[in-house]
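Let us walk through this structure together, from the overall layout down to single residues. Keep the model open beside you as you read.

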Amino acid sequence: MSATLIYTICTDGSPFRRELLTPWMVATLVDFYINVFAIAVWVAYKEQTWITALLWIVMLVCLGSITTCAYIVVQLFHLSSNDPVQDSLLRETDRVDRKLKIRCSVVMGRILFSVLGCLMFAILVYTLITDGSPFRKEILTPWMNATLVDFYINVIALSVCLVIQFSWIKHGLILKLHVYIFSVMTCVYIVIRLCQLSPDDPPYLVLLDSQRKQVRYLFLYKSTFHYFEVILFQDSRFLKMLTSN
């Protein structure tokens with residue numbers, strides 16, 4: 001992506017030109033930034049401070065998939081051998097001690113990604129009606145090609161996250177839908193996963209498949225030399241009973 005960006009700037013000049021904003025370029029940019037928003041939500045969750053989260057998000061907006069790849073590589077350097085998928089997707093500690101905040105996060109996530117998915121679907125249909133098919137040679141300008149490369153690198157990153165949620169039988173259909181309807185599928189997937197959670201569940205469970213869907217509670221037994229970490233599988237009724245006792 002870095003090579004594509006440098007080459008396009010050298011051969012076609014600045015991307016900030018009015019004539020580049022064709023209907024399909026605008027639709028592609030909206031599609032692109034909805035996927036960027038989904039990735040930015042994950043980055044904001046992963047980072048321990050708002051300063052570093054804001055810095056990564058600004059870089060995501062400005063550099064797109066270059067930042068996505070850089071951030072994923074950074075996360076891969078911090079993996080352990082126990083559960084690399086969970087380690088790469090989740091924060092080091094996940095506590096669910098603020099129920100009101102969790103409830104708002106799950107409900108607001110459902111609403112927000114539903115609106116974004118409907119918005120992108122409406123833009124896609126409108127552009128098809130008003131500007132015709134996107135499969136035309138004149139649409140593929142150098143900057144459109146660079147935008148598509150940038151877009152599909154982010155799609156690959158998001159597709160990996162989708163793939164780990166499903167059995168191999170469903171992988172082909174999921175990936176085809178993601179490639180063909182882009183950020184609409186991203187939003188549909190996130191909304192479906194959020195709807196599978198109760199309002200009391202932590203929102204980060206959308207990142208895990210059913211086998212890894214667990215909440216990490218830290219019960220620290222402090223003795224002279226030892227701390228013990230207890231991992232409890234997510235069960236709202238059991239956790240309520242536990243906390244009441």
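Two residues are in contact here when they have heavy atoms within 4.5 Å of each other. With that in hand, take F113: leaving out residues up to four places away in sequence, F113 touches F37, A38, V41, C187, I190 and V191. We will come back to this residue once the overall layout is clear. Please keep in mind that the model is a predicted one.

Start with the chain as a whole. Its elements are 10 helices and 2 strands. Read from the N terminus, the order is α-α-α-α-α-α-α-α-α-β-β-α, so the two strands follow one another and a helix comes after them. Of the 245 residues in the chain, 37% are buried. If you look at contacts between residues at least 6 apart in sequence, 68% of them join residues at least 24 apart.

Now for the interior. In soluble globular proteins, nonpolar side chains tend to be buried together. The largest nonpolar core in this model has 42 residues, and W42, V43, F113 and L207 are the ones that touch the most other members. Which helices supply at least two residues each to this core? They include helix 2, helix 3, helix 6 (99–131), helix 7 and helix 9. Helix 2 gives the most, with 12 residues. This brings us back to F113, whose contacts include F37, A38 and V41 as well as C187, I190 and V191.

C187, I190 and V191 are among the buried residues of helix 9, so let us follow that helix next. Helix 9 has 13 residues, and from its first C-alpha to its last it reaches 18 Å, close to the 18 Å expected at 1.5 Å a residue. Is helix 9 mostly covered or mostly uncovered? It is mostly covered, with 10 of its 13 residues buried. These are S183, V184, M185, T186, C187, Y189, I190, V191, R193 and L194.

G117 offers another view of helix 9. This glycine has its place in helix 6, and G117 counts as buried because its relative accessibility is 10%, under the 20% cut-off. Not counting residues up to four places away in sequence, G117 touches V184 and C187. G117 also lies 7.9 Å from T186, C-alpha to C-alpha, although 69 residues separate the two in sequence.

Just past helix 9, look for P199 in the loop between helix 9 (183–195) and strand 1 (214–215). Is P199 buried or partly exposed? P199 is partly exposed, because its relative accessibility of 26% falls between the 20% and 50% limits. The C-alpha atoms of P199 and V107 are 6.7 Å apart in space, while the residues are 92 apart in sequence.

Next, turn to empty space. Rolling a probe the size of a water molecule over the atoms shows where empty space is left. The second largest pocket has a volume of about 530 Å³. Its lining has 20 residues, and P15, L29, Y33, W143 and T147 lie nearest the centre. Helix 1 (2–12), helix 2 (23–46), helix 3 (50–63) and helix 7 (142–163) each supply at least two residues of that lining. What is the character of the lining residues? They divide into 17 nonpolar, 2 polar and 1 charged.

One of the residues nearest the pocket centre, T147, deserves a second look. T147 has its place in helix 7 and is buried, because its relative accessible area is 12%. Leaving aside neighbours within four places in sequence, T147 is in contact with M25, T28 and L29. L29 is also listed among the residues nearest the centre of the pocket.

Two further residues complete the tour. V61 has its place in helix 3 and counts as partly exposed, with 40% relative accessibility. V61 and F37 are 24 residues apart in sequence, with their C-alpha atoms 8.7 Å apart in space; F37 is one of the residues that F113 touches. Y7, in helix 1, is exposed because its relative accessible area is 58%, over the 50% cut-off. The C-alpha atoms of Y7 and P142 are separated by 9.5 Å, though the two residues are 135 apart along the chain.

How values were computed: Residues numbered from 1 in each chain as written. Predicted model: local features only at pLDDT ≥ 70, side-chain atom pairs only at ≥ 80, totals over all residues. Heavy atoms only, no water. Helix = DSSP H or I, 4+ residues; strand = E, 2+ residues; numbered from the N terminus. Buried < 20%, exposed > 50% of the residue type's maximum accessible area, 1.4 Å probe, protein only. 1 Å grid on protein atoms, 1.4 Å probe; cavity = no way out; pocket = protein on both sides within 12 Å on 5 of 7 lines; lining within 4 Å. Points joined across faces, edges and corners; volume = space filled by probe spheres on them. Nonpolar A, V, L, I, M, F, W, Y, C, P; charged D, E, K, R; others polar. Core = buried A, V, L, I, M, F, W, Y, C linked by side-chain atoms within 4.5 Å. Expected span 1.5 Å × (residues − 1).
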